[in-house]
Amino acid sequence: MQTMKYIFFYTFLTAFSSVTFGQSLTDSIALEKIKTTSNSNSSISQAIRQLADINGPRLLGTLNYYNSANWAKQELKRFGTDTAYFESFDKQYRGWTVKSFNMEMTKPNFMHIIAYPLAYTKSTKGTIVAPVTFLANNDSLKYLKGKLKGKILLLGQDFYSFNTSHQILSDRVSKELLQQAAENPDPNDLMIGYHSRRSTNEAIASQEQRRVDFKSFFQFCEQEGVVALIEPSDYPYGILHTDGNHNVPSYNKQKNITPIASFVIANEHFGRLVRLIASGITPTIKLNLETTFNYNPEYNINVVADIKGTDKELSEQQVIIGAHLDSWHGGTGAVDNAAGCAVMLEAIRILKASGLRPKRTIKICLWGGEEQVFAGSRAYVNNHVGNLDNGNKKKDFQNISAYFNLDNGTGKIRGIYTQGNSKVKPIFEEYFSPFKASGNGTVTLQNANQTDHELFDALNIPAFQFIQDPLNYISVVHHTTMDVAEYVNENDLKESAIIVAYLIYKVANQETLLPRRDFISVLPNLAGSTTFFIEGFENAKSVSLVSDFNNWNMFGTPLAKVKGGWSCKLDLSKGKYLYKYIIDGDWTADPKTPKEKLLKDGKGHAGLTEVVVK
Ligand SMILES: [Zn+2]
């Protein structure tokens, strides 16, 4: 009896000792249940195998994407969600698939070229053997008129010598940096994470330059009889950066832009070709490319599922989690973003299997077309939350407590970005307190942008991306041929799923909805003292401003259509700001600023114009 009593007392003590400050006993029991459930029947390995290895790359509008959506829906049903269904976001988005290709240098001697086609480019007419011409920049185009027939064009100057590179290939965020981010009051300071999709600022700048009206560039090439385009990857070690063709919206069936066969090749092979040309030798390349376009409206769907809330009144309200299910085509989208989907799916499995009963409804959304300017989540927000063009609210606007997004690779969750929402910061500090000891509880005011939560955030729904360890994300896998299962860290994903499950359980059960930021209007402001005007673009559907004054929020500062162009007038506090426009989703430098005067902010934004407010 004595021993029994002792054991009982000891167990009781241990249970208490794992209760962290700010956490009640019920919370720590919930967390224990979550952890125990996570340890049996984890769904993470299978998700990565199915999505990345079996289904392969999941580009918008393709059969691979559709198969993945079907699989995810079945998986959610298996976990026991109350609903699991598709929602269409079709806007004539078409799919595109690579069937076959090859590239070799045949003169002055043989070299197999590490290459991959860029998305949405069309097939070559069989196998081509052609000489190569180097085009350093678009300006030299006019001098080449009439001289390009039957040639392969090498584009761009941004190939590097990596012989002095000390780039760290895989890393975690340091304790010190997390601490600084937690204390920093300015949401615009880029202390951790990314605002940018590209690996280097230089690459952004050169890409911006080359994007200048690429549609007419493709037309010029066709008229001139160019047979293929080749550009260098901005990654080292033969890794290929394989995304779209310069953000030209060729995924739209109506626009029907089909750029000529275009490839990215290893930076190192590009360098050799350029050096050969500089030595007076014209290399010859043999290549072929076979691609297909398809339009299947039934493939353009988000996957949605609900765990209905148990509280009669609160079940009307929602806590939403999401990740994008689509990917680029060069790898298998294992890290970007099968990893994020695997975590969110596992969080749902854990909640159901642990027997926890959230009071509010928990919803999971797996988005399509994130890589094509948020096609899936944009439609969802427009349909259910509010109109992103005019700010008119829709049914769910009042009822969404929060949206949580996971899309920064495989690295484990180290905390959360709060998008400058200082009211939510102390609440999250409490909710993350059980993870503080293991270094995963940082709450920062910093913004994280450029993934699906940004659309909810634009309407001032509390919407967040998690802080994640970078691991190989930017150095190796982001939109590259190496976005494959080898770089997925399943232990990290497992830890992340525990954090997500606990966090959404807490938000679903707290007394009130999460507090929203002081309101940012999405209606154009025409009453302020600083005027922004962009001439022309009569046929554009939307024009907005992105700047350091609006946290680079793509939807926060729209312009109104006025005579001769688009405009807004803002009340900005004294200071210097950098801005550019977004025209129908495309980041565009102010055409009034001469190209050589465009600026960079050192935080990943390029092609900027300065405005001084006195
Ligand atoms: Zn992503």
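# Exercises on a predicted model

Of the protein's 614 residues, 58% count as buried. The model is predicted. It holds 15 helices and 24 strands. The accessible surface comes to about 25600 Å², and 52% of that belongs to carbon and sulfur atoms. Among contacts with a separation of 6 or more, 82% join residues 24 or more positions apart.

## Exercise 1: the zinc site

Task: find which residues coordinate the zinc ion, and decide what arrangement the donor atoms make.

Solution.

Step 1. List the donors. His-324 gives NE2, Asp-336 gives an OD atom, and Asp-407 appears twice with OD. The distances run from 1.9 to 2.8 Å.

Step 2. Recall the ideal. Four tetrahedral donors have ideal angles of 109.5 degrees.

Step 3. Check the angles. Four donors count as tetrahedral if all angles lie between 85 and 135 degrees. Around the zinc ion, the 4 donor atoms subtend angles of 51 to 149°, so the arrangement is irregular.

Step 4. Look along the chain. The donors follow the spacing H-x11-D-x70-D. His-324 sits in strand 11 (residues 318–324), while Asp-407 sits in the loop between strand 13 (400–405) and strand 14 (413–417). The pair therefore ties together parts that are 83 residues apart in sequence.

Step 5. Test for burial. The cut-off for buried is under 20% relative accessible area. His-324 has 0%, so His-324 is buried. Asp-407 has 4%, so Asp-407 is buried too.

## Exercise 2: a helix and its cover

Task: decide whether helix 10 is largely enclosed or not, and name what covers its buried residues.

Solution.

Step 1. Count. Helix 10 spans residues 375–385, and 8 of its 11 residues are buried. The helix is therefore largely enclosed by the rest of the structure.

Step 2. Name the buried residues. They are Ala-375, Gly-376, Ser-377, Ala-379, Tyr-380, Val-381, Asn-382 and Val-385.

Step 3. Find the cover. It includes strand 1 (83–88), strand 10 (301–307), strand 11, strand 12 (361–367), strand 13 and helix 13 (453–458).

## Exercise 3: a strand with two faces

Task: sort the residues of strand 18 by face, and find the strands that pair with strand 18.

Solution.

Step 1. Use the rule. In a regular strand the side chains alternate between the two faces of the sheet.

Step 2. Sort. In strand 18, Val-543, Leu-545 and Ser-547 lie on one side, and Ser-544 and Val-546 on the other. Both faces are covered. In the strand (residues 543–547), 5 of 5 residues are buried.

Step 3. Find the partners. Strand 18 pairs with strand 22 (residues 575–583) in the antiparallel sense over 5 bridges. There, Val-543 stands opposite Ile-583. Strand 18 also pairs with strand 19 (residues 557–558), antiparallel, over 2 bridges. In strand 19, Thr-557 is the bridge partner of Leu-545.

## Exercise 4: a loop residue

Task: place Thr-481 in the fold, and list the residues that Thr-481 touches.

Solution.

Step 1. Locate. Thr-481 lies in the loop between helix 14 (473–477) and helix 15 (490–509).

Step 2. Buried or exposed? Thr-481 has 14% relative accessibility, so Thr-481 counts as buried.

Step 3. List the contacts. Not counting residues up to four places away in sequence, Thr-481 touches Tyr-116, Ile-239, Leu-240, Thr-242, Gly-330 and Gly-331.

Step 4. Compare sequence and space. Thr-481 and Thr-242 are 239 residues apart in sequence. Their C-alpha atoms are 6.6 Å apart.

Methods
Residues are numbered from 1 along each chain as its sequence is written. This is a predicted model: local features need pLDDT of at least 70, side-chain atom pairs count only at pLDDT 80 or more; totals for chains, interfaces and linings use all residues. Side-chain values use heavy atoms; hydrogens and water are left out. Donors are N, O and S atoms within 2.8 Å of the metal (3.2 Å for Na, K and Ca); water is not among the atoms, so sites may look incomplete. Four donors count as tetrahedral if all angles lie between 85 and 135 degrees; four count as square planar and six as octahedral if opposite donors are over 155 degrees apart and all others between 65 and 115; anything else is irregular. Helices (H or I, at least four residues) and strands (E, at least two) are DSSP runs, numbered from the N terminus. Buried means under 20% relative accessible area, exposed over 50%, partly exposed in between (1.4 Å probe, protein chains only). Contact means heavy atoms within 4.5 Å. Two strands pair if DSSP finds at least two bridges between them. Accessible areas come from the Shrake-Rupley method with a 1.4 Å probe; for residues, only the protein chains shown count as cover.
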